Amino acid sequence: VKEKLISSGINAEYGDCCQYFTMLSLLLLSLVIPGSYTSLPMEINRQALDTNSSYKYMDLMLQWREGECYNNKGCSKETAPHTQWTLHGLWPSVDYQNWPENCAGNCEFEPRNLDETLKEEMMKIWPTFMSGYDVYRFWKHEYCKHGTCCTNILPTPQDYFSTAVQLTKTANLAEKLAAAHITASLIEKNNTYKLTQFKSALRIFNVTEVRYFCRHVGEKQLLYQIGLCVDKALEFVDCPGGTYKHACDESVPVWYVSSGENVVWSSVVWLVVSLVNLLN
């Protein structure tokens, strides 16, 4: 229910939810009893749907494929292991529980029409790991759901995708973690880190508030996603803080998993799939 309210531009807080249904009831009443209620504050809805004002910052979500796909049957076996953090999305947000989405209504965006050079870069930096979910479908989903809600600063799909790619390259998580002697390893080695080590390593651009997402596989806590925040000037800033789903538990060791421990991947298959994607 909360997501449906958010997608229609209505604040999902319970008070506002009740206010919305109260307004709807009064409107229906006015149709039955003329003069009973003639003025509704519809500017509330207009403001909520205004992409210039309905978000405060953007989440740059970066994912680690090996943490996401370890012991995960939903991952495609046709995707190669990655040695870099890749893009999940760039999401306009109000806070950790509220965000605008699908702001264009009927979205006709076709990812294949993006600049060829940008698409080649996105194949490497913005892949999808999910089975049965090709990369063009994934890119369309990300733009229609999130990219349409920040057109005040990123007016075209080309602007949205190229900016997200550049922010990912600027963040360069793998290099910054390696500089702090944090490297991925086979899960069998039981080489773990404290979450505080990641926090110290990623105090980049004078930013200290970053989100860390983990999956729990048995008794192991696997890091699979990191969320950085940028403002409307596209500068890295502290995330707003608060609770969120799948947050890493600071009291539990963190596994930063390397490739090869769950499935033996074929580089030949990966090359064929990459070529097919580029030709389609």
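**Disulfides and buried cysteines in a predicted model**

The disulfide between Cys 69 and Cys 75 is left-handed, because the torsion about its S-S bond is about -80°. I should say at once that we are looking at a predicted model, and that a search of the whole structure finds five disulfides, of which I will discuss some in turn.

To stay with that opening pair for a moment, the sulfur atoms of Cys 69 and Cys 75 are 2.1 Å apart. Cys 69 counts as buried because its relative accessibility is 6%, and Cys 75 counts as buried too, with a relative accessibility of 8%.

Let me turn to Cys 107 and Cys 144, which form a disulfide with a sulfur-to-sulfur distance of 2.1 Å. Here the torsion about the S-S bond is about -70°, so this disulfide is left-handed. Cys 107 sits in the loop between strand S2 (86-93) and helix H5 (116-125), while Cys 144 belongs to helix H6, so the pair ties together parts that are 37 residues apart in sequence. Both Cys 107 and Cys 144 are buried.

What is the handedness of the link between Cys 229 and Cys 239? With 105° about the S-S bond, this link is right-handed. Cys 229 lies in strand S5 (residues 220-230), and Cys 239 in the loop between strand S6 (236-237) and strand S7 (254-255), ten residues apart. The distance from S to S in this pair is 2.1 Å. Cys 229, at 2% relative accessibility, counts as buried, and Cys 239, at 5%, does so as well.

If we number the bonded cysteines of the protein chain in sequence order, the pairing reads 1-2, 3-6, 4-5, 7-10, 8-9.

Now to Cys 149 and Cys 150. Why is there no bond from Cys 150 to the closest cysteine sulfur? That sulfur, in Cys 149, is 7.3 Å from the sulfur of Cys 150, which is too far for a bond. Cys 150 counts as buried, at 0% relative accessibility, and Cys 149 likewise counts as buried at 0%. Cys 149 is placed in the loop between helix H6 (135-145) and H7, and its C-alpha atom is separated by 8.5 Å from that of Trp 91, although the two residues are 58 residues apart along the chain.

Helix H7 (residues 157-171) brings me to Thr 168, which has its place there. Thr 168 counts as buried, because its relative accessibility is 8%. Leaving aside residues up to four places away in sequence, Thr 168 touches Leu 60, Leu 62, Trp 85, Leu 87 and Ile 125.

How values were computed:
Residues are numbered from 1 along each chain as its sequence is written. This is a predicted model: local features need pLDDT of at least 70, side-chain atom pairs count only at pLDDT 80 or more; totals for chains, interfaces and linings use all residues. Side-chain values use heavy atoms; hydrogens and water are left out. Helices (H or I, at least four residues) and strands (E, at least two) are DSSP runs, numbered from the N terminus. Buried means under 20% relative accessible area, exposed over 50%, partly exposed in between (1.4 Å probe, protein chains only). Contact means heavy atoms within 4.5 Å. A disulfide is a pair of cysteine sulfur atoms within 2.5 Å.
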